[in-house]
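Visitor: I'm new to this one and would like a close look at a single part. Could you pick a spot where two helices meet and walk me through it, then show me what lies around it?

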Protein chains: 2
Amino acid sequence: MFESAEVGHAIDKKTFRAAEEALRNELLLAQNALREQGRFPVVLLISGVDGAGKGETIAQLYEWMDPRFLSTMAFVEPSDEERERPFMWRFWRALPPKGRIGIFSGSWYSQPIAGRIARELSRNGLDNRLEQINRFETMLVNEGALVLKFWFHLSREGQVVRLKKLEKDPRTAWRVTKTSWARTKTYDELQDVAGHVLRVTNTAAAPWIIVDGTDDNYRNLRVGRALLESLKARLENSKTPQVAPAVPLVKRIDDRNVLSALDLTQKLDEKKYERELAKWQGRLSELARHKKFTGRSLVLAFEGMDAAGKGSSIRRITAALDPRQFQIVPIAAPTDEERAQPYLWRFWRHMPRQGRVTIFDRSWYGRVLVERIEGFCAEADWLRAYAEINDFEHELVEAGSIVIKFWLQIDKAEQMRRFKEREKIEHKRFKITEEDWRNRKKWNAYQQAAVDLIDRTSTGKAPWVVVEANDKNFARVKILKAICERLEGTLG
Amino acid sequence: MFESAEVGHAIDKKTFRAAEEALRNELLLAQNALREQGRFPVVLLISGVDGAGKGETIAQLYEWMDPRFLSTMAFVEPSDEERERPFMWRFWRALPPKGRIGIFSGSWYSQPIAGRIARELSRNGLDNRLEQINRFETMLVNEGALVLKFWFHLSREGQVVRLKKLEKDPRTAWRVTKTSWARTKTYDELQDVAGHVLRVTNTAAAPWIIVDGTDDNYRNLRVGRALLESLKARLENSKTPQVAPAVPLVKRIDDRNVLSALDLTQKLDEKKYERELAKWQGRLSELARHKKFTGRSLVLAFEGMDAAGKGSSIRRITAALDPRQFQIVPIAAPTDEERAQPYLWRFWRHMPRQGRVTIFDRSWYGRVLVERIEGFCAEADWLRAYAEINDFEHELVEAGSIVIKFWLQIDKAEQMRRFKEREKIEHKRFKITEEDWRNRKKWNAYQQAAVDLIDRTSTGKAPWVVVEANDKNFARVKILKAICERLEGTLG
């Protein structure tokens, strides 16, 4: 990979100044158009060998563009709030909103590469992480982001020359640390590991741009021009490129499905209910204070038709927990800050720290339910969402979260009975709106969408629990029991 | 204070059940109206003696209301992200948005009370903190929040009885820790310190409600009813109560002021500018890497008329800094998440961690500039903003931030020259909009507002630096020099 990088390019000062003037004006105009269109963000990764001029090039980008609409994130040591959450959380929280350019100095590649060189990560571990990165970047691109990845390369001798030169100049001496010199000793290992990483992650969605770092002028112009060309191409093309072909849904041959097969007549009488409720709530309360749970977290998602009993089931769970330990996130229309980010961003931001519980009342499945049915997003968007959701939940589980998803199933007659009941009781009246009646008319479409999502996102690590919810008592106990059993199975 | 608390109230189960039913329905309705109106948030503090039932009452509130629109924050150990920012930052980030109820279990009172009992805080230190708290709560109330503060009281014997009872019940035994018992030993000290704290912070804006914690039923009903009554009163009254009388501005007798007295003819020729710029940028670059700066942070605010050169001055500062160390926050219209919070929230969220720099291009002074002039907020709002801003900056400085505010002054002819220049140059054309021309018509109003704000918010700890900016070279060097000299003076 690096052999093919053009090494040793140099551009003299005069040529540079002339080229710079034009480039700068064009970059400023493109940056402004980016902001005015507000259609997509730019995610710019600057990675590479120590001393190859990453800091200098970033500083140059700040000089060329309007720094008020740039941001640079450095990812060195994670803070404790970051450490207690899944690996990608800190990168999600740092993503630039639409219209902005976010520069990542050090990124999701830093830790895997360093970890592999230090042999803290196995070859397999590295490849799993890289696959995860590929899917993440593909998702970013599909969500509209312009992703540009630069790798600054230096020959072994070139690195020593550069570091010495930086050390000599009092303005840059501080950039060269003991670690920089120590890393020259692992030059070969870095070439090996980085070579592998770059090959595996050189995807159509987000290809690497290898830049020779020897000459400042050459390197800066190369990056500036690549940024400008990509920006201009995206600004002129109003369509978001789709890099993952959507997998169409397969029509079923009969009407039998996971929902129609349910026995909704299952019931629990009041006396038995009280006893079971107390039992499982007591157990949940203990499990949430289990020593091993302090290193884990619990993520619950509730879906189901209107009036299926999501809210009241959640109340039976929270009654067993310490209010300081959990957070309920009711999912309604996104805020404008959420709309300026990839779809899953608004769920990532609520991911619990270790020892905590987050309960979603409706969830990230909105994309393949209401958004699919109401046409709030393109078909390609919701079709690719199944795989993105699986990746998302997989990441949570890998990081130690326990993820359980509940589909609360009622039949159409039961929904009608509950709507009418709500209209009768004063303090429940506000719970029934015009929208509920409109949704009811699309009952079959919602059922079909539910069957599809259960089919496509029932994974071993984040399974769906389908709950027969015509009888509220039965449903609540089944849910509590499912949570307890998962916790017991996991905490041992 | 506690002597007057009614101690020993008990309510039997039957009376409780009857009262609870009505209360619960009303609370649900009020909570829903709160959400639908979306006009104000509820900040509910639950504090008091160990074992007085804080956790139990919070759990009861979750049972009575819709838990999806409640959130409970516990403030035990600050995370490192919180520790590296001003004391109040973690509370600002936890404030509930309009329409929601945020319960604070442990709050801004916990650390001052514990600190005073442990003698880590002097009497004076405590009183300073309490004054700060009073101003913070007054601000919350003026910004529309309904602030309810409960203190749960127990007699010395009552505390021992309660703790023993909690320990006996396996469902609550975990609540009683070694610390709980240790704290019974400092009962007298707690009474002393808490008595003082409650007296000093028992303000008209946010009075304390003392509740006897002995009987669960009594305590829960007391809190539930107080919440309901306050909620209903605020929901029915469409006006936000103003608790701080606005101090009117005093008309001046002549036209001499800090701005008209400036000598705007001051200039720096190109050669001298290049030399001075290099000198001060070099110095700033060193200071930002000064050992002592790792424990401090730098907050810069830029204000001035359109085209005064704020953006280009900021570029001269950032050119001297590592892009990973600073963040520029351009202030435009607030997002909807920001609009759902008190005015200063959107500035607090960007406060830098230790060792970092945040530069605001326009700032929290918008309230007493554009909002005052355009009538975006009521006169009472911007009149009280001066004091709130002084408090805000004072808090930053107390926490180790270095705060510098720049007013860039140009005259009307110079602005016209720059507007025309911008219209001529292609890559600057987007910088001049209809709004700039509209603002120009209000030149005198802006000048008057600027004089007023400099008068009212020039404090020793967060001074205004008024910059003669007709000559860009002169302005840029003056700004860089001012930053360096403040940093040198502070870092020693």
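Guide: Look at where B:E56, B:T57, B:Q60 and B:W64 in α2(B) meet B:D216, B:R219, B:N220, B:V223 and B:G224 in α10(B). "Meet" here means being in contact, with C-beta atoms, placed from the backbone, within 7 Å. Helices are DSSP runs of H or I with at least four residues, strands are runs of E with at least two, and both are numbered from the N terminus. By class, this contact has two nonpolar, four polar and three charged residues. For those classes, Ala, Val, Leu, Ile, Met, Phe, Trp, Tyr, Cys and Pro count as nonpolar, Asp, Glu, Lys and Arg as charged, and the others, Gly among them, as polar.

A quick word on what you're viewing: this is a predicted model, where local features need pLDDT of at least 70 and side-chain atom pairs count only at pLDDT 80 or more, while totals for chains, interfaces and linings use all residues. Residues are numbered from 1 along each chain as its sequence is written, and chains are lettered from A and ligands numbered from 1 in the order in which they are written.

Back to our pair. The axes of α2(B), residues 54-64, and α10(B) come within 10 Å and cross at roughly 55°. That makes α2(B) oblique to α10(B). (Axes are lines fitted to C-alpha atoms, for helices over the stretch in contact, and angles run from 0 to 180 degrees between N-to-C directions; under 35 degrees counts as roughly parallel, over 145 as roughly antiparallel, 65 to 115 as roughly perpendicular and the rest as oblique.) The crossing of α2(B) and α10(B) is right-handed, meaning the near helix is turned clockwise from the far one by less than a right angle, where anticlockwise would be left-handed.

Now follow α10(B), which covers residues 216-236, to B:A226. B:A226 is partly exposed, as 15 other C-beta atoms lie within 10 Å. (With 20 or more a residue is buried, with 12 or fewer it is exposed, and in between it is partly exposed, using C-beta atoms placed from the backbone.) Setting aside neighbours within four places in sequence, B:A226 is in contact with B:L148 and B:I209. B:A226 and B:H153 are 73 residues apart in sequence, and their C-alpha atoms are 16 Å apart in space.

For another helix pair in chain B, try α5(B), residues 110-117, and α9(B), residues 187-200: they pack at about 135°, with axes 10 Å apart. That makes α5(B) oblique to α9(B), and α5(B) passes α9(B) in a right-handed crossing. Here B:P112, B:I113, B:R116 and B:I117 in α5(B) meet B:E189, B:L190, B:V193, B:A194 and B:V197 in α9(B). By class, that contact has seven nonpolar, no polar and two charged residues.

Finally, step over to chain A. In all, 42 residues of chain A are in contact with 42 residues of chain B. The largest share of chain A's side, five residues, comes from α2(A). Sorted by class, the side of chain A that touches chain B divides into 14 nonpolar, 14 polar and 14 charged residues. Chain A itself holds 20 helices and ten strands.

Terms used
Two residues are in contact if their C-beta atoms, placed from the backbone, lie within 7 Å.
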